[in-house]
Structure formats: C-alpha cells, structure tokens
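Visitor: I have a new model open and want a quick tour. Can you take short questions as I go?

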Amino acid sequence: MNDCLFCKIAAGEIPATKVRETDRFLAFRDIDPQAPTHVLAIPRDHVASLNEASDAELIGSLVLFARDVAKEEGVADGGYRLVINTNAGAGQTVFHVHAHLLGGRPMRWPPG
Ligand code: 5GP
Ligand code: ZN
C-alpha cells in the first residue's frame, strides 16, 4: 500500500464522509470546507496530479461524476465550481488527483 492519503480513504483505511461512490470514483466531504458544499471527487486509481493523467476517459468521467454530485447536493442550478489544483503553485497539497466541488455561496472571480 502506498502512503497516499486519498488512496487510504478510497480503501476505507481512513474515514471520510462519503457522498457518492462507484467502482471507479469516490466523492467525500472536504475536512476543511470552504463553501457550504465542498466535496472532493477522486478516481480510486492513483494518479498524482493532472500533469500525470493520461486517460482522457477517466478524467472526463471524473468531471461528469462531480457534476452528478453537484446535482445531488442541490447546487447545480444555482451554480458551482470545479477546481483541480495542480502542483504546489496552485495549492495542491494532496498528490492524488481530485476535483473540488464548491457551491452554495456566491463565487468571486478571479479566484485567489
Ligand atoms: P488540494 O489543496 O490538494 O487541492 O486539496 C486537498 C484537500 O484535501 C484540502 O481541501 C483539504 O482540506 C482536504 N483534506 C486534507 N486531508 C483530508 C482528510 O483527511 N479528509 C478529508 N475529507 N479531506 C482532507
Ligand atoms: Zn493515491
């Protein structure tokens, strides 16, 4: 087993509040929410960041999976944001690719 936090959450070794799961993807609430809805969507397979991703179908399906979570969370109509922080300059701290789903409050632009 590698030392990746999100692999451990996907394997059930570290608890998380799951909101949706399939055989390939998992969505769970962020431990430090930045919006009323703040969910992380991950592939179960380890990919360190978007820079390492090569499977277009996987990444596309991850986005649609997060979109489905937005609908279930009731933020799809009002508006939401999907964010994939990539590498340190963008604030990535967990190196298992993940999409932040943020919603339930007005979003400013440009993001900080
Ligand atoms: P990043 O900064 O890499 O884009 O996002 C990592 C996210 O993971 C952060 O928003 C952080 O709050 C969240 N996070 C870190 N550790 C845990 C944890 O143990 N459980 C959950 N649910 N979220 C975590
Ligand atoms: Zn991982």
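Guide: Sure. One term to begin with: buried means under 20% relative accessible area, exposed means over 50%, and partly exposed lies in between. Also keep in mind that this is a predicted model.

Visitor: Fine. Is C4 buried or exposed, then?
Guide: C4 has 9% relative accessibility, under the 20% limit, so C4 counts as buried.

Visitor: And C7, buried or exposed?
Guide: Buried, because its relative accessibility is 10%.

Visitor: What do C4 and C7 bind?
Guide: The zinc ion, ligand 2. Both give their SG atoms. H46 and H96 coordinate the ion too, each through ND1. The distances run from 2.0 to 2.3 Å.

Visitor: What's the geometry around the zinc ion?
Guide: Tetrahedral, because the 4 donor atoms subtend angles of 105 to 118 degrees. The cut-off asks for all angles between 85 and 135 degrees.

Visitor: What spacing do the donors follow along the chain?
Guide: C-x2-C-x38-H-x49-H. The histidine pair links distant parts of the chain, with H46 and H96 50 residues apart. H46 sits in the loop between β3 (37-43) and α2 (56-73). H96 sits in the loop between β4 (80-83) and β5 (99-103).

Visitor: Which class does each histidine fall into, buried or partly exposed?
Guide: H96 is buried, at 0% relative accessible area. H46 is partly exposed, at 38%.

Visitor: How many disulfides are there?
Guide: The structure holds 0.

Visitor: New topic. What surrounds ligand 1?
Guide: 16 residues. The closest are R29, D30, G91, T93 and H100.

Visitor: Which polar atoms lie 2.9 Å from ligand 1?
Guide: A polar backbone atom of R29 is 2.9 Å from a nitrogen atom of the ligand. A polar side-chain atom of N85 is 2.9 Å from an oxygen atom of ligand 1.

Visitor: And where does G91 come in?
Guide: A backbone N or O atom of G91 lies 2.8 Å from an oxygen atom of ligand 1.

Visitor: How much of ligand 1 does the protein bury?
Guide: 82% of the 520 Å² that ligand 1 exposes when taken alone.

Visitor: Last one. Where is Q92?
Guide: Q92 is in the loop between β4 and β5. Q92 counts as buried, because its relative accessibility is 5%.

Visitor: What does the Q92 side chain reach?
Guide: The backbone oxygen of A48, at 3.1 Å. A polar atom of the Q92 side chain also lies 2.7 Å from the backbone nitrogen of N87.

Note on methods: Residues are numbered from 1 along each chain as its sequence is written. Chains are lettered from A and ligands numbered from 1 in the order in which they are written. This is a predicted model: local features need pLDDT of at least 70, side-chain atom pairs count only at pLDDT 80 or more; totals for chains, interfaces and linings use all residues. Side-chain values use heavy atoms; hydrogens and water are left out. Donors are N, O and S atoms within 2.8 Å of the metal (3.2 Å for Na, K and Ca); water is not among the atoms, so sites may look incomplete. Four donors count as tetrahedral if all angles lie between 85 and 135 degrees; four count as square planar and six as octahedral if opposite donors are over 155 degrees apart and all others between 65 and 115; anything else is irregular. Helices (H or I, at least four residues) and strands (E, at least two) are DSSP runs, numbered from the N terminus. Buried means under 20% relative accessible area, exposed over 50%, partly exposed in between (1.4 Å probe, protein chains only). A residue is near a molecule or strand if one of its heavy atoms lies within 4 Å of it. A polar contact is a pair of N or O atoms within 3.5 Å; within protein, one must be able to donate a hydrogen and the other to accept it, and residues adjacent in sequence count only if both atoms are side-chain atoms. Accessible areas come from the Shrake-Rupley method with a 1.4 Å probe; for residues, only the protein chains shown count as cover. A disulfide is a pair of cysteine sulfur atoms within 2.5 Å.
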